[in-house]
Amino acid sequence: MAGAYDFVPAIAALPFVAFLVSLFFGRYMPKRGAEAGIIATAGSLLISVWTALTVAGITGPATSYNENLYTWVAGVGDGALTLNLGVLVDPLTALMLLIVSLISLLVHVFSLGYMNDEGETGLPRYYAGLGLFTASMLGFVFSNNLLMAFMFFELVGLCSYLLIGFWFRDDGPPSAAKKAFLVTRFGDYFFLIGVVGIFATFGTGLFAPLTEGGSVAAESFPVVAEQVLEGEASVDTFGFDPQTWFTILGLLVLGGVLGKSAQFPLHTWLPDAMEGPTPVSALIHAATMVAAGVYLVARMYGFYLLSPTALAIIALVGGFTALFAASMGVVKQELKQVLAYSTISQYGYMMLALGTGGYVAAVFHLTTHAIFKALLFLGAGSVIIAMHHNENMWDMGGLKEKMPITYWTFLSGSLALAGIVPFAGFWSKDEVLYEALIHGFGSAGGLAPVYLLAYAMGLLAVFFTGFYTFRMVYLTFHGDARSDTARDPEPVRWNVKGPLAVLGIGAATVGLINMKPVAELTGAHIDFLHKWLLGPEEGGWPALTSTGLHHYEVLMKDVAGIQSAYPLGETPTLLVSALVSLSLAVGGVLVARSLYGGPDPVEHTDRLGGMKTVLMHNYYQDEYQVWLAQGVTVPLARAADKFDQGVVDGVVNGISSVSLFTGSRFRRIQSGIVTNYAALMTLSLVLLLVVFVVFGGVVN
Amino acid sequence: MAIVTEYYLLLSAAVFCIGLYGILTRESALLFLMSVELMLNAANINFVAFAFYWGNLTGQVFSLFTMALAAAEVAVGIGIILVLYRNFDGIDVTEAATMRW
């Protein structure tokens with residue numbers, strides 16, 4: 001009987017078909033291709049739900065699935081690589097499939113309001129882009145090996161390029177699209193080297209071992225790496241100490257992660273990507289593209305746990321990015337810009353969690369963030385429709401009464417983003433910080449100070465997050481209307497309000513899946529996500545796939561040296577940590593309220609003094625990257641070009657002109673007169689005979 | 001009393017050289033063709049002579065093949081000469097010198 005797993009490839013195939021349909025037949029459809037996308041993503045969502053139920057063991061015993069489906073390069077001979085396309089489904093995959101297909105369905109519906117109702121042209125191209133974007137992200141999520149993941153990763157990057165540059169007739173979008181593509185490509189370059197390195201080292205890119213009838217048929221690279229460190233196996237580490245080499249490989253792959261997940265220093269593309277249509281921003285930020293980076297680290301977490309150095313770098317980059325991006329969000333004037341920096345900051349939290357061994361916390365934050373950030377972007381989209389595409393918050397104000405549904409859902413998302421209890425973001429962000437804190441106190445060696453530093457940055461960012469989020473809310477929805485459009489906004493329809501309502505409820509409630517503090521206090525086992533990723537104690541899928549939390553915890557303790565310590569005892573530490581982050585968030589909200597909560601708020605950014613200019617210019621990140629390109633890369637390229645033109649081409653041209661010259665002389669003997677040819681032949685034959693006679697026949 | 005093989009070879013060499021001389025000196029395409037025939041027949045004489053010398057038939061059979069080949073070659077050659085005549089109003093091979101660089 002065909003089970004859910006047989007249909008997993010269809011989760012990505014359906015949006016792909018929608019892509020083709022929208023592209024070729026979209027112009028004949030009444031909604032210009034949206035129908036295909038909505039039906040396909042709804043289908044994907046249904047199959048994802050079914051898959052999740054199967055993984056959870058509700059429709060039978062809890063299982064996982066890992067199969068190669070198609071061999072596209074078959075290795076011949078010993079040590080030759082075989083490259084496969086395959087599907088890996090474990091709880092992490094199932095969860096992510098759910099998130100991606102849900103968000104993308106809602107984004108498709110929302111697009112009806114944002115694009116169709118606004119009378120945009122080129123819609124088949126838009127919906128085709130959305131379909132391909134969704135398909136490639138879903139394909140990336142269920143990839144069972146690194147190379148397949150890389151291929152879909154690149155497809156995701158391509159689709160983001162196509163969609164960000166959707167309004168290609170304006171000046172901004174094409175340049176933003178190019179920037180997004182190039183910056184992420186820069187990271188992917190390292191990722192590609194990492195993929196090649198992993199294949200060269202382990203001979204496989206499998207994330208989880210393939211099993212056949214209970215025995216391992218093909219080992220996965222994290223497991224092999226683990227065996228190497230324990231001395232049970234050996235691989236060619238190119239002259240490095242195994243752990244050093246694994247760190248190098250991990251960091252190379254991390255390059256791609258930093259690019260896609262917009263982490264410092266490759267975050268600069270993301271704020272510019274706001275030039276794209278708002279639903280696309282929602283999709284990029286919540287479910288596809290940016291989530292891909294963090295998901296990749298979670299996917300091969302077993303490999304990263306083998307390298308404390310890589311973990312420390314991930315934690316540090318994450319913590320720094322969280323604070324860095326949050327501080328830039330404080331001064332932005334455009335609604336979507338604030339959200340863009342909040343995205344960078346929130347993904348920083350996820351990286352912080354992954355770096356500090358908070359696997360569950362990272363996945364939890366990924367989930368809640370997907371919901372509330374999609375909500376915030378769609379809410380911003382609704383506001384932008386109402387404001388006739390004016391995004392400056394200083395022209396808004398007082399929208400609260402005019403668009404209540406947008407206001408209340410946006411508020412739900414904002415509370416989640418700021419991390420106010422009991423909205424989603426509070427539970428996940430709190431868990432991220434808590435994990436960083438206890439591991440910071442308990443870990444061995446150099447990890448502890450790094451973790452505590454990352455924790456401090458993350459904690460400080462909580463305050464900024466609360467501040468910029470509610471600065472945004474107060475400026476947009478509260479006070480008096482500051483422009484004519486804000487006094488008389490354009491109404492939005494069901495196709496905008498529907499997705500907002502779904503996500504608004506989600507942002508308020510999705511945190512309930514892992515209320516760790518409550519679970520700790522009451523002793524009730526309501527940390528569902530934790531159990532979901534933990535799997536059964538004995539046997540079951542964790543034993544088969546080695547991607548279970550148990551396995552990760554063992555690795556954390558034994559290999560990475562990450563330990564937990566509770567300076568105040570377990571429960572008090574948890575509560576104090578939660579209280580500190582909550583009070584910081586509330587503090588940020590209150591400061592925002594006191595500064596911008598009045599009926600007629602004024603700018604306070606001048607009080608920052610010189611800091612304001614720095615923040616407005618995003619710490620001159622763009623400037624220095626442009627300088628890197630123009631001041632370093634261009635001269636280098638020019639020198640290389642000179643070498644190429646002068647030396648390499650010079651040699652080639654020299655050889656060819658020599659042969660041209662000799663050819664032009666030699667062709668004179670080709671007179672066109674048959675008699676001459678006959679004479680030449682005769683002469684040559686005679687000469688040959690003479691040579692034979694002189695040298696006595698065969699010359700050896 | 002059979003004739004010694006060397007004489008046949010001398011005859012063959014003489015015929016070949018006459019053919020070669022014809023090719024190198026004549027300008028008429030028809031004479032060219034005849035000279036080529038001479039050279040081919042010089043080879044035939046060689047074949048037959050050696051077949052006689054060794055006492056087997058291979059050489060003789062081969063010379064039959066050569067004759068068939070020669071007939072075909074003449075057909076093609078005459079065709080070329082006709083075209084030559086049509087295009088250059090004559091069959092002087094030194095006139096038709098346009099097929100070159």
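**Exercise 1.** Work out which hand the crossing of α15(A) and α18(A) has, and how the two helices run relative to each other.

*Solution.* Let's start with the hand: in this predicted model, α15(A) and α18(A) cross in a left-handed way. Next, grab the geometry. α15 covers residues 359–386 of chain A and α18 covers residues 424–442 of chain A; they pack at an angle of about 155 degrees, and their axes are 9 Å apart. Angles over 145 count as roughly antiparallel, so α15(A) is roughly antiparallel to α18(A).

**Exercise 2.** Find which residues make the contact of these two helices, and sort them by class.

*Solution.* On the α15(A) side, look for A361(A), F364(A), H365(A), T368(A), I371(A) and F372(A). Facing them from α18(A) are A424(A), G425(A), S428(A), K429(A), E431(A), V432(A) and E435(A). Sorted by class, the contact comes to 6 nonpolar, 4 polar and 3 charged residues.

**Exercise 3.** Check whether the span of helix α6 of chain A agrees with its number of residues, then find where α6(A) bends.

*Solution.* First, the helix takes in residues 172–202, which is 31 residues. At 1.5 Å a residue, α6 should span 45 Å. Now compare: its end C-alpha atoms are 44 Å apart, so the two agree. Follow the helix along and you'll hit a bend of about 30 degrees at F186(A). Just after α6(A) comes G203(A), with a positive phi of about 75 degrees.

**Exercise 4.** How many residues of chain A are in contact with chain B?

*Solution.* Chain A puts in 10 residues, which touch 10 residues of chain B. By class, chain A's side has 4 nonpolar, 5 polar and 1 charged residues.

How values were computed:
Residues are numbered from 1 along each chain as its sequence is written. Chains are lettered from A and ligands numbered from 1 in the order in which they are written. This is a predicted model: local features need pLDDT of at least 70, side-chain atom pairs count only at pLDDT 80 or more; totals for chains, interfaces and linings use all residues. Axes are lines fitted to C-alpha atoms, for helices over the stretch in contact, and angles run from 0 to 180 degrees between N-to-C directions. Helices (H or I, at least four residues) and strands (E, at least two) are DSSP runs, numbered from the N terminus. Angles under 35 degrees count as roughly parallel, over 145 as roughly antiparallel, 65 to 115 as roughly perpendicular and the rest as oblique. A crossing is left-handed if the near helix is turned anticlockwise from the far one by less than a right angle, and right-handed if clockwise. Two residues are in contact if their C-beta atoms, placed from the backbone, lie within 7 Å. Ala, Val, Leu, Ile, Met, Phe, Trp, Tyr, Cys and Pro count as nonpolar, Asp, Glu, Lys and Arg as charged, and the others, Gly among them, as polar. The expected span of a helix is 1.5 Å times one less than its number of residues. The bend at a residue is the angle between axes fitted to the seven residues ending there and the seven starting there.
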